[in-house]
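Colleague: I am new to this structure. Please pick one part, look at it closely, and then lead me outward from there.

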Amino acid sequence: MATVTDERLNEVWSRPPGILGFFSAVNNSTIGMLFIFSSWGFFLIAGGDSLALRTQLAVPESDLISAGKFNQLFTTHGTAMMFLFAVPMLEAIAIFILPLVLGARDMAFPRMSAFSFWTFLFSGLLFYSSTLPDIVNFVLPGNPIREVVPDTGWFAYPPLSGPEYSPGIAIDFYLIGLGAAEFAGIGAAIEIIVTIFKFRAPGMTLNRIPLYAWGLLAMAFAILFAFPAVMVSSTLLELERKFGLPFYDPARGGDPLLWQQLFWIFGHPEVYIMFIPATAIVSMIVPVFARRPIVGYTFVAMAIVATGFLSFGLWVHHMFAVGLPLLAMSLFGAASMMITIPSGVQVFSWLATMLTGPRLVLNTPMLYCIGFLITFVLGGITGVMVASVPFDLQVHDTYFVVAHFHYVLVGGVVFPIIAAFYYWMPKITGKMYDEWLGKLGFWLFFIGFNLTFLPQHNAGLLGMPRRVFTYGPDLGLWPYNLISTIGAYVMGLAVIAIAVSLYRSYFHGEPAPTNPWNADTLEWSVPTPTPNYNFFATPLVRSRNPVWDNGPAEWRPNETRGQQDQPERLWREGIGTTLLEARPESIIRIAGPSIWPFAAGVAVSVASFALLFDLYLITLLSVLVSIVFGVLWMWPTDDKRRIEGAGATLGNPALPVYTSGAASPDWWAMALTVAALAITHLYFIFSYFYLLYDAPAWPPNGIALPDLLLPFVSTSILLASAAPMVLADRAVRRSDQGRLRLGLGAGFLLGAAFLAVQGYTFWQSGLDARATSYSAIFLTVGWAHLAMAAGGLFLSLLVQAQAWLGYFHRERFGAVENMALYWCFVVGAWLATLATLYLTPYLL
């Protein structure tokens with residue numbers, strides 16, 4: 001009997017050759033590397049912006065950079081660091097490393113990884129394309145082109161970012177470009193959650209998964225709750241800028257503080273979305289170089305989850321100076337102090353691990369972890385200070401706050417990211433790095449960082465405001481600014497040293513052994529560099545430190561399908577395991593190379609670019625094309641519907657190929673997608689109630705209460721549509737093809753009737769969306785729901801097409817189940833919308 005060989009597996013998991021193969025690649029190693037290089041590129045550009053800013057501020061009354069250009073530079077610097085570097089870089093590392101850590105062959109949805117990367121890359125390029133007129137003006141100064149670089153800060157507060165004070169398209173580059181990047185981030189988060197839930201090696205129970213996976217899990221769930229907030233706020237601002245809807249215009253009932261509420265509901269968790277996986281990286285590295293398991297694993301895992309949960313109760317501490325009630329500020333100040341408790345648990349765990357190990361090995365990754373520990377603790381101390389309302393009112397919008405958040409973000413995030421690169425470099429490149437260069441880069445970075453930001457605390461306490469392009473010579477600020485600028489250039493030298501170290505490692509480094517650090521987790525049990533398929537045999541995990549505890553065993557099933565070990569066709573496949581105990585429960589087909597994720601990313605980017613210039617027909621066509629590409633990417637091929645050969649590369653386990661419910665990765669993906677959409681819709685509803693709270697009358701005087709007849713008719717139709725959708729799901733489980741098609745058809749027709757009736761209701765409501773914030777938010781919330789309902793009808797059409805083609809039977813019905821789940825969400829979301837738009841005004 002033939003056996004599966006490395007060569008055959010490598011052939012199955014390799015990307016196609018040539019340029020088409022490059023754009024079709026979906027492997028976690030390829031996409032992870034592309035993600036990493038792109039994020040580093042945006043980091044370098046943003047770092048160049050910061051050097052220009054510090055050069056301008058080195059001496060008083062400098063005129064090196066104009067006030068307008070200074071505003072543009074700090075906007076692009078902050079935006080790129082927050083949206084295009086920190087979170088994307090952490091997701092990039094996760095895409096490359098997470099399957100190795102879990103004992104999996106790839107991420108759950110490799111094509112989603114590819115789509116997320118291409119969408120992120122094109123979004124970043126769209127944002128930075130706003131600098132092209134500047135480049136042209138620099139090269140050809142004779143006929144200057146109007147500048148379109150955003151200049152309102154990375155937070156883009158209205159009314160400064162509104163149409164009155166920021167006409168033109170500069171802010172639209174920010175809103176549209178970064179909106180697509182956030183969309184890509186949500187897709188990556190869903191994939192990370194499903195991978196951790198369903199792709200763990202057998203035996204890797206929840207209390208055995210590495211702390212890095214716990215950190216990524218908390219990060220991904222936080223993204224699902226946080227990113228929709230900024231997407232809603234950006235959508236509302238873009239609607240105001242493009243069409244005059246007055247969400248943030250007080251003259252027509254809007255409120256600019258609505259932006260701050262939504263933005264910081266995203267913005268403060270965003271800090272912890274970066275910080276949590278960074279600390280999890282530290283929790284992976286410290287035990288390895290302390291030569292012992294981490295102290296208090298359970299407490300650290302609980303602290304990670306608690307940090308993610310508490311991060312959503314802190315956003316108001318960014319708004320202490322806007323005039324909120326004192327009681328509310330006191331509560332949020334207390335919450336801001338409370339989050340130090342789980343962070344303190346982790347700090348003491350790391351210290352205990354370092355102090356109780358047999359010896360501490362101070363290689364480059366460990367040095368960066370120690371640097372992180374020092375700088376983060378200092379940033380945490382100043383964080384407790386600004387959580388105090390009286391102190392915050394004194395230092396708000398001064399350089400004290402600049403110093404604080406750079407100690408938290410650079411010290412708490414960038415140090416661990418660099419540590420991760422040196423730690424996992426053998427797996428990424430297959431080469432060892434130059435230890436001397438690595439340590440040189442660390443000391444330059446550590447010294448330069450503290451030279452840059454430590455003096456800024458003093459400058460802030462002396463009253464130096466943020467975001468000013470110069471200052472007077474008699475204020476006593478120049479020594480601190482000069483030292484800070486020198487430190488920034490030292491950090492620049494450090495980045496050069498790190499880049500040289502990475503370059504020498506990749507091209508001239510010594511070949512790395514399998515486990516150069518004598519580390520304890522699964523990624524160090526596979527060859528270096530990592531093969532395309534990650535693991536030849538599925539590992540069996542028996543402890544939290546499988547490599548230290550005599551190495552991972554090889555999982556071997558007790559039964560086989562009775563076929564040859566190596567059939568004519570091999571599949572990209574992995575083992576699906578249960579959520580809690582990681583027992584093998586299914587064979588999961590993993591998607592292979594495809595050009596459609598790249599094509600869909602291009603179409604989304606074309607739609608974004610067209611929207612930027614008000615080319616709405618091109619925008620609509622591009623969106624439709626992207627949907628077509630998405631269907632082609634996900635449409636089940638004949639190969640995917642067959643089971644012949646399934647399990648051959650896994651030892652021929654007798655496990656089902658088709659699964660449903662919580663056993664299916666597709667079901668989890670749909671459930672998480674529904675959750676993200678539900679959270680997004682709740683932020684729209686939150687905006688409605690926030691504007692209602694501010695309004696003297698709701699609806700405003702002159703606008704009648706909404707009529708209830710047609711909305712209740714449409715609600716009845718929608719409720720009726722849920723029954724045949726659910727019955728179709730029940731019919732397919734009995735292989736009743738007739739009732740399946742009947743249920744899908746009836747559900748679709750009733751859903752279309754709901755869309756028609758309720759769409760007509762909104763259309764003839766007589767509300768002018770430009771006149772009042774009530775009309776604008778009423779129609780926006782309503783049409784947002786109808787857009788989700790239209791998506792459900794489109795999904796229903798696809799499922800009906802597959803039903804008529806005979807794709808479903810009693811074992812293979814996941815698409816029907818997922819469609820029914822989505823439609824139940826549509827019904828529930830409409831009931832919330834009905835109560836908000838139609839019943840609330842009567843209750844008032």
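Modeller: Start with R733, which is partly exposed at a relative accessibility of 30%. Keep in mind that this is a predicted model.

What does R733 pair with? Its partner is E817, and the two form a salt bridge whose closest N and O atoms are 3.0 Å apart. This pair links distant parts of the chain. R733 belongs to helix α22, residues 709–733, while E817 belongs to helix α25, residues 814–843. Along the chain, 84 residues separate them. Side chains of opposite charge can pair when their charged atoms come close.

Now look at the other end of the bridge. Is E817 buried or exposed? With a relative accessible area of 10%, E817 counts as buried, because the cut-off for buried is under 20%. R733, at 30%, is above that cut-off but not over 50%, so it is classed as partly exposed. So this bridge joins a partly exposed residue to a buried one.

What else does E817 touch? Set aside the neighbours within four places in sequence, and E817 is in contact with S660, G661, W667, D729 and R733. Two names on that list matter here: R733 and D729. R733 is the salt-bridge partner you have just met. D729 has a salt bridge to R730, at 3.0 Å from N to O.

Take that second pair in turn. D729 is buried, at 6% relative accessibility. R730 is partly exposed, with a relative accessible area of 42%. Here too, a buried residue meets a partly exposed one.

Which residues make up the network? Salt bridges link D729, R730, R733 and E817 together. Of these four, D729 and E817 are buried. R730 and R733 are partly exposed.

One further bridge is worth a look. D736 and R739 meet through their side chains, with 3.6 Å from N to O. D736 is partly exposed, at 24% relative accessibility. R739 is exposed, at 55%. The cut-off for exposed is over 50%, so R739 passes it and D736 does not.

How many salt bridges does the whole structure hold? A full search finds 14. The same kind of search for disulfides finds zero. Cysteines do occur: C369 is buried, at 3% relative accessibility, and C824 is partly exposed, at 39%.

Next, turn from charges to the nonpolar interior. The largest nonpolar core has 231 residues, and Y212, W424 and F445 touch the most other members. Helix α9, residues 256–290, gives the largest share of this core, with 21 residues. F445 shows how such contacts look around one residue. Leaving out neighbours within four places in sequence, F445 is in contact with Y368, V410, V414, F415, I418, M491, A494, V495 and I498. Another core lies apart from this one. That core has twelve residues, including Y399, A459, Y471 and L477.

One helix shows its two sides clearly. Helix α11 has 13 residues, 326–338, and at 1.5 Å a residue these should span 18 Å. Its end C-alpha atoms are 18 Å apart, so the two values agree. Which residues of α11 are buried? They are M329, F332, G333, A335 and S336. Viewed down the axis, these fall within an arc of 160°, so they line one face of the helix. An α-helix has 3.6 residues a turn, so residues three or four places apart point the same way. The buried residues of α11 pack against α12 (340–356) and α14 (389–395). The face turned away from the buried side carries the exposed residues L326, L327 and L331.

Two single residues round off the tour. Q72 sits in helix α4, residues 67–102, and is buried, with a relative accessible area of 7%. Beyond four places in sequence, Q72 contacts D134, E147, V149, P150 and D151. G179 sits in helix α7, residues 170–198, and is partly exposed at 22%. Outside its four-place neighbourhood, G179 touches Y174 and M231. The C-alpha atoms of G179 and T235 are separated by 8.3 Å, though the residues are 56 apart along the chain.

Key
Residues are numbered from 1 along each chain as its sequence is written. This is a predicted model: local features need pLDDT of at least 70, side-chain atom pairs count only at pLDDT 80 or more; totals for chains, interfaces and linings use all residues. Side-chain values use heavy atoms; hydrogens and water are left out. Helices (H or I, at least four residues) and strands (E, at least two) are DSSP runs, numbered from the N terminus. Buried means under 20% relative accessible area, exposed over 50%, partly exposed in between (1.4 Å probe, protein chains only). Contact means heavy atoms within 4.5 Å. The expected span of a helix is 1.5 Å times one less than its number of residues. The arc is that of the directions from the helix axis to the C-beta atoms. A nonpolar core is a set of buried Ala, Val, Leu, Ile, Met, Phe, Trp, Tyr and Cys residues joined through side-chain atoms within 4.5 Å. A salt bridge is a side-chain nitrogen of Lys or Arg within 4 Å of a carboxyl oxygen of Asp or Glu. A disulfide is a pair of cysteine sulfur atoms within 2.5 Å.
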